Each structure stands twice: as C-alpha cells, then as structure tokens.
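The following walks through a model of a protein–DNA assembly, moving from one chain to the DNA contacts and then to some local details. Keep the structure open alongside the text.

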Number of protein chains: 2
Amino acid sequence: MADGKNYGALATKLSTFINLSKHELEVLAELQSRQIRLARGEELTEEGQSSPTALILQSGWACSYKLMPNGARQIIRFPLPGDFMGYRSVLLRASDHFLCGVTDGIASVVDARRLLDIFRSSPRLGSALLWSVSRDEAMVVDHLASIGRRSAQERMAHFFLQLLERLKLIGLATEVGFHCPLNQYLLADALGLSAIHVNRVLRQLREQNLMSIKAGEVAFHDIVTLERLAAYRSIDPSLD
Amino acid sequence: MADGKNYGALATKLSTFINLSKHELEVLAELQSRQIRLARGEELTEEGQSSPTALILQSGWACSYKLMPNGARQIIRFPLPGDFMGYRSVLLRASDHFLCGVTDGIASVVDARRLLDIFRSSPRLGSALLWSVSRDEAMVVDHLASIGRRSAQERMAHFFLQLLERLKLIGLATEVGFHCPLNQYLLADALGLSAIHVNRVLRQLREQNLMSIKAGEVAFHDIVTLERLAAYRSIDPSLD
DNA sequence: CGACGCTTTGACACAACTCAACAACCGTGG
DNA sequence: CCACGGTTGTTGAGTTGTGTCAAAGCGTCG
C-alpha cells in the first residue's frame, strides 16, 4: 500500500506480512465496501440477512462474549480493526454467543459467497485470509490456556502483551503503549476474574513498575520482565 | 448407512443429522482410507508430510493440549471418533500446541486439497463438514467460558454432560453412562483444576447422587439435577 | 450542583491449591 | 501363588489466591 490509498482495515493487516498486488488490494477494497455503523455498547445481531455473511471490523473495538445462565459473562475475544467477527455464524447461529461494540466504530459486511470466490480466483489472497483467521483461532486457544493455567497477574500481563502485539501490527500502538478503551469490568469478564481483583492486579503491576493504565492509556515500563512474568510467546504462527 | 457397511467414523457422525447418499458415503469412505495407528500417550507429530494434511480420528480417544512454559498443561479438547484433529495445522504450525493419544486408536490422514475438492464437487457434504468443524470450534469457546466463569463442580458436571452428548451421537454411550478412559490428571488439566481437587469434586458429585465413576465407567444418576447444576445447554448449533 | 460511570481501598470469606501420606488396583516376574 | 513396583485414587491439614460486600474517591457531563 505504498500508494497511501486506503483499501480497508483487512488490507492494512494483511499487508504487514505479505505483499499485496494492486489487483489483490482492489479485491479487498471491493470486499469491504458495504459498511455498517457500530455503536459502543450496542449488540450486533445479523438478523434479516438474506444470505450468510461475515463481518470485518474497520475501526473501533468490539467484543464477542458468552452469557452464562447465572448472568455471568465470559468475553471470548476483542476483535480489532482488520479482524473477522462472527464468521462462525456464517453457517450456524450459536445460541448464546454475542457480539457488541466496545467503542463506536465501523464494520463491513461480507457476503460469504464472495469469500469463497476469492479462494477460487485469488488463491494467494485466500491463503492469507486463512492465515489471518487461523491466527484468531489460535488466540482463542491461547486465551483458554491462559485462563486455565495462569495466575491472575500472569494472565493480565499476557493479555496486554498480546494486545500490544496485535495493535502494533495494525499501527495502533507504539513500542511502549497504546490507547485502550477497556474498563476494569471488561478486563474482568475477559480474564475470568472479578472486577475488584482486576484492580488489585493492575495495582501490583503498577507498583512493580511493569505497566500502568491511566485515563485509557496503557504504558509499558518493563516489557522484558513483563514477558518473563507472563511467559509470553508471540502469537504469530509461522507460515508453512 | 442402512446397509450396515462401515464408511468411516466421520460418516457415522454426519449420518446422525443429515441423510447421506450412497455416493456421499463412498466419497467419505475414500477420504478416510489412508490410516495410521495412534498409541496411548504417544505424541502425534505431522512432520515429514509432503503436503498439508488433516487428521480424522477413527477409533479411540485423543487429546489436544498446550504446554505452558512453567510446565503446566492445558487440555483444549478431547477429539472423539469422527472428529477432525489438527485441522488448524493445515496452514500453520502452532508452536506449543500438541496432540496425543489418550488410548490406542486409529486415525486417517486426509490431504487438505482433497477436502477442498469436496466443497466443490459435493457442496451438501461440504456444508455438513463445515457444520461439524464449527461445532468443534463452538465447543472450544464453550470450554473457555466454562473455565472462566463456572465453579469446579459446575465445570465438571458440564464437562461430563457434554461428553455424554458427544458420545451418544456416535453410539458410544447409553442414556445413562459411558466408558471413559480419562484419569483424574487428564480431567484436571482439561478443567483447569488440580488433580486433587478433581478428586474432591468427583466425591461431592458422588455423594450428592448425581454421577459417579468407577473403573473407567461413568454413570449418571440424576441427569436433570446435573444439568441444572451445570446450567447445561446442548452444544448443537441450529443449522440455518 | 447532583448524577453517573469508573476506580480504589479495606475487611472478611471461601474455593481451590499444596504438601504429605496412604490405599487400592493393576500387570509383571519370581 | 505371592511379592513387587507403578499408576491411580483417596483423604486430611494448612495455606493462599481470588471472590464478596461495603464504602469512598474522582472525573465528567448535563
């Protein structure tokens, strides 16, 4: 994207690891042309779609979560610009799996058949898409392991390091920080903790001079120690 | 499969919710023709494959897990006969994600291109496959939510109810029980608990006359109460 | 100004973990 | 046949991480 034109968030993301041809960029831009608005706190439902669709987040943050029958919420992931959202619902409607905006934003609606076309007509782009989706899936698995086998502190550290990496990839983070619209309730529901304990853990990290959050700005003070604490390892799978 | 012939575990599984034509059955049988042996405790690696492949479990139980740098293990799922295993590795090699046999068994090796062919040549079968894989994915998400937001008892109850449902689907469970090769260490690593606590929780469930395990045989004594306890809801997503 | 959303803190309770034994069960080999 | 070691299950006592409850601080915005 040396020409500086905007071909959509997905193109931006994919460009970071493969060089997209002019044609492929056009295809991606066209794919993301149908856009909808996304409001903070608003639940996204795909009712009334005549054909199966997927969503690609263009700007803002979203969150996908499950509601437990006792009222508790478990956040599965926070889609960021360039990420697919709700691609699972392409084929099926998971009963208690929801999607909502963390901030205002924009998403594009993609016809599922259009995606399949890409696999046929532009295989290289297709495998890039597959890579991207696989990466998202690997992150869910990571998240599962994190909740199951890491302490609250390790989980928190791991979570923010992963967020840093994802945001850097799409140019929304510097080497040492980023803007983060997540409050402590959202963090709690994502990490399987109580909001109060999230606060305590954040204080510990602050007092150990590892990282801090102030007014929605995350600042990393000692990434090396933080990575050691979280036993962090890059999420990016190696391409075959 | 009214003719009683064996077209592979995947065919058995898919047959339970769509009627497969003779031709589709043949395609599935051919797909699963290349088989490998799987030994209890043996790690499966797909090294040396000339082209990307997926695995379908035919018999026995397997388990896919992540190893944390501190040595802890988090089991992601237990593939059962008819389930895809390691389809994620089709495109990428997740660094610390492993697959191993819980029991001896057999798996078939499928060339990824062969799968793609099916989507083209037999769309109905393709969408059945997609349904099956989506279901597996939904189960991982369920598992995540379970570990994040359920108590140890609820988790245990949920886990076994889900297992019951999956095993019934492939004819490996009765209405009230099944054979289960999982020991308390495996349960612990799956549920994000310590092995000792698993033992205590199982005792509680036994003393409450909800379910019991003896010599690898799981027996459900009060499924209704168990479902209430686990806030269980069927994993099967509705097809569009 | 008050109301609201979010953060922070303290005191206390409890679920789950750790450590340390011991018991039951198995297949193996003497 | 029994003795044996290894694996798995069981139990108790004590510790600790995390949840719960309650309340106060602090911005922001109408």
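**Loops, DNA contacts and helix packing**

A:Ala215 sits in the loop between S10 and strand S11 (217–220) of chain A. The model is a predicted one. In it, phi of A:Ala215 is near 55°, a positive value in a residue other than glycine. Most residues other than glycine have a negative phi. A:Ala215 has a relative accessible area of 76%, so the residue counts as exposed.

A second residue of chain A has a similar entry. A:Asn209, which is not a glycine, has a positive phi of about 60°. A:Asn209 belongs to the loop between H7 and strand S10 (211–214) of chain A. With a relative accessible area of 54%, A:Asn209 is exposed; the cut-off for that class is over 50%.

These loops belong to a chain whose secondary structure comes to eight helices and 12 strands. Chain A has 240 residues, and buried residues make up 55% of them. Contacts in chain A can also be sorted by sequence separation: among those between residues at least 6 apart in sequence, 68% join residues at least 24 apart.

Next comes the DNA. Which residues are closest to DNA strand C? The strand is surrounded by 16 residues, and the closest are A:Gln184, A:Tyr185, B:Ala152, B:Ile196 and B:His197. Three helices each supply at least two residues of the surface near DNA strand C: helix H6 (184–191) and helix H7 (195–207) of chain A, and helix H7 (195–207) of chain B. H7(A) provides the largest share of that surface, four residues. By residue class, the surface near DNA strand C divides into four nonpolar, seven polar and five charged residues.

Seen from the DNA side, 63% of the atoms of DNA strand C within 4 Å of the protein belong to sugar or phosphate, and the rest belong to bases. Individual phosphate contacts can be listed by partner. An N or O atom in the side chain of A:Gln184 is 2.8 Å from a phosphate oxygen of DNA strand C. For the side chain of A:Asn199, an N or O atom is 3.0 Å from a phosphate oxygen of the strand. B:Ala152 takes part through its backbone: one of its polar backbone atoms is 2.9 Å from a phosphate oxygen of DNA strand C.

The remaining details concern chain B. Helix H2 (residues 22–31) and helix H3 (residues 112–121) of chain B pack with their axes 11 Å apart, at an angle of about 170°. H2(B) is therefore roughly antiparallel to H3(B), since angles over 145 degrees are classed that way. On the H2(B) side the contact involves B:Val27, B:Glu30 and B:Leu31, and these meet B:Arg114, B:Leu115 and B:Ile118 in H3(B). The residues of this contact comprise four nonpolar, no polar and two charged.

Helix H1 (residues 9–15) of chain B contains B:Ala9. Is B:Ala9 buried or exposed? Its relative accessibility is 13%, so B:Ala9 counts as buried, the limit being under 20%. Leaving aside residues up to four places away in sequence, B:Ala9 touches B:Gln32, B:Leu57, B:Gln58, B:Pro81 and B:Gly82. B:Ala72 lies 63 residues from B:Ala9 along the chain, and the C-alpha atoms of the two are separated by 32 Å.

Terms used. Residues are numbered from 1 along each chain as its sequence is written. Chains are lettered from A and ligands numbered from 1 in the order in which they are written. This is a predicted model: local features need pLDDT of at least 70, side-chain atom pairs count only at pLDDT 80 or more; totals for chains, interfaces and linings use all residues. Side-chain values use heavy atoms; hydrogens and water are left out. Axes are lines fitted to C-alpha atoms, for helices over the stretch in contact, and angles run from 0 to 180 degrees between N-to-C directions. Angles under 35 degrees count as roughly parallel, over 145 as roughly antiparallel, 65 to 115 as roughly perpendicular and the rest as oblique. Contact means heavy atoms within 4.5 Å. Ala, Val, Leu, Ile, Met, Phe, Trp, Tyr, Cys and Pro count as nonpolar, Asp, Glu, Lys and Arg as charged, and the others, Gly among them, as polar. Buried means under 20% relative accessible area, exposed over 50%, partly exposed in between (1.4 Å probe, protein chains only). A residue is near a molecule or strand if one of its heavy atoms lies within 4 Å of it. A polar contact is a pair of N or O atoms within 3.5 Å; within protein, one must be able to donate a hydrogen and the other to accept it, and residues adjacent in sequence count only if both atoms are side-chain atoms.
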